[in-house]
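Dear colleague,

I am handing over the structure we spoke about, and you will find the sequence and the coordinates just below. After them I have set out what was found, grouped by region so that you can follow it with the viewer open.

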Amino acid sequence: SFHDDVLTVRGERARSVPEGYAVHRQERGPMKFSRSFAFPVAVDPERTTASLVDGILTVTLPKAPKDRPREIKVTGS
């Protein structure tokens with residue numbers, strides 16, 4: 001979720017054991033987690049994208065148009 005220039009990522013790691021198998025020892029148990037990240041510039045929430053590929057979450061947060069650098073054309077005589 002994205003609110004007031006703060007991105008919050010929430011998830012849950014569930015216990016998944018394939019049928020026919022048993023767990024003898026588990027290093028990490030099932031749990032819920034949440035992380036929040038504040039940004040120093042305004043972000044355009046309409047163009048924000050997220051993808052999960054091979055267990056890697058990639059979030060793209062483009063700057064809002066008002067916070068992007070302005071391009072000034074210089075002409076010579």
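**What was found**

Tyr-21 is located in the loop that runs between β2 (6-13) and β3 (31-38). Please keep in mind throughout that this is a predicted model. Tyr-21 has a relative accessible area of 63% and is therefore classed as exposed, the cut-off for that class being over 50%. Together with Val-17 and Val-23, Tyr-21 makes up a nonpolar patch on the surface, and the accessible area of these three residues together is about 310 Å².

**The three-stranded sheet**

The strands on either side of that loop belong to an open sheet of three strands, whose order is β1-β2-β3 and whose pairing is antiparallel. Its edge strands are β1 and β3, each of which pairs on one side only. Between β2 and β3 the antiparallel pairing extends over eight bridges, and within it Val-6 stands opposite Ala-38 of β3, while Leu-7 stands opposite Phe-37, also in β3.

Between β1 and β2 the antiparallel pairing rests on two bridges, and here His-3 is the residue that stands opposite Val-6 in β2. Val-6 thus has a residue opposite it in β3, namely Ala-38, and is itself the residue of β2 that His-3 faces.

A side-chain contact also deserves a look in this sheet. Thr-8, which has its place in strand β2, is joined to Ser-36 by a polar contact of 3.2 Å between the two side chains. With a relative accessibility of 12%, Thr-8 falls under the 20% limit and so counts as buried.

**The turns and their backbone angles**

Most residues other than glycine have a negative phi, and for that reason you may wish to check the following aspartates when you go through the backbone. β1 and β2 form a hairpin with two residues between the strands, and in its turn Asp-4 has a positive phi of about 55°. Asp-5, which lies in the loop between β1 and β2, has a phi near 60°, again a positive value in a residue other than glycine. As for its surroundings, Asp-5 has 28% relative accessibility and counts as partly exposed.

The other hairpin is built from β4 (49-53) and β5 (residues 56-60), two antiparallel strands that are joined by five bridges. Within this pairing, Leu-57 in β5 is the bridge partner of Leu-52. This hairpin, too, has two residues between its strands, and Asp-54 takes a positive phi near 55° there. The relative accessible area of Asp-54 is 78%, so this residue is exposed, whereas Asp-5 in the loop between β1 and β2 is partly exposed.

**The aromatic pair**

Which aromatic rings come together in this model, and how are their planes set? The structure holds one aromatic pair. It consists of Phe-2 and Phe-39, whose ring centres are 6.4 Å apart and whose planes stand at 40°, so that the pair is tilted. The pair links distant parts of the chain, since Phe-2 belongs to strand β1 (residues 2-3) and Phe-39 to the loop between β3 and β4, with 37 residues from one to the other. Phe-2 has a relative accessible area of 25% and is partly exposed, and Phe-39, at 29%, is partly exposed as well. If you look at the distance with care, note that the cut-off for a pair is 6.5 Å between centres, and that the distance here is 6.4 Å.

**The salt bridge**

Side chains of opposite charge can pair when their charged atoms come close. A search of the whole structure finds one salt bridge, and the residues concerned are Arg-47 and Asp-44, with 3.7 Å between the closest N and O atoms. Are the two partners buried or exposed, or partly exposed? Arg-47 is partly exposed, with a relative accessible area of 43%, whereas Asp-44, at 15% relative accessibility, counts as buried.

With kind regards

Note on methods: Residues numbered from 1 in each chain as written. Predicted model: local features only at pLDDT ≥ 70, side-chain atom pairs only at ≥ 80, totals over all residues. Heavy atoms only, no water. Patch = residues over 30% accessible without salt bridge, like charges linked within 9 Å, V, L, I, M, F, W, Y side chains within 5 Å. Areas by Shrake-Rupley, 256 points an atom, 1.4 Å probe, with all protein chains shown as cover. Salt bridge = Lys/Arg side-chain N within 4 Å of Asp/Glu carboxyl O. Helix = DSSP H or I, 4+ residues; strand = E, 2+ residues; numbered from the N terminus. Buried < 20%, exposed > 50% of the residue type's maximum accessible area, 1.4 Å probe, protein only. Phe/Tyr/Trp six-rings, centres within 6.5 Å; stacked < 30°, edge-to-face > 60°. Pairing = 2+ DSSP bridges. Polar contact = N/O pair within 3.5 Å; in protein donor to acceptor, adjacent residues only side chain to side chain.
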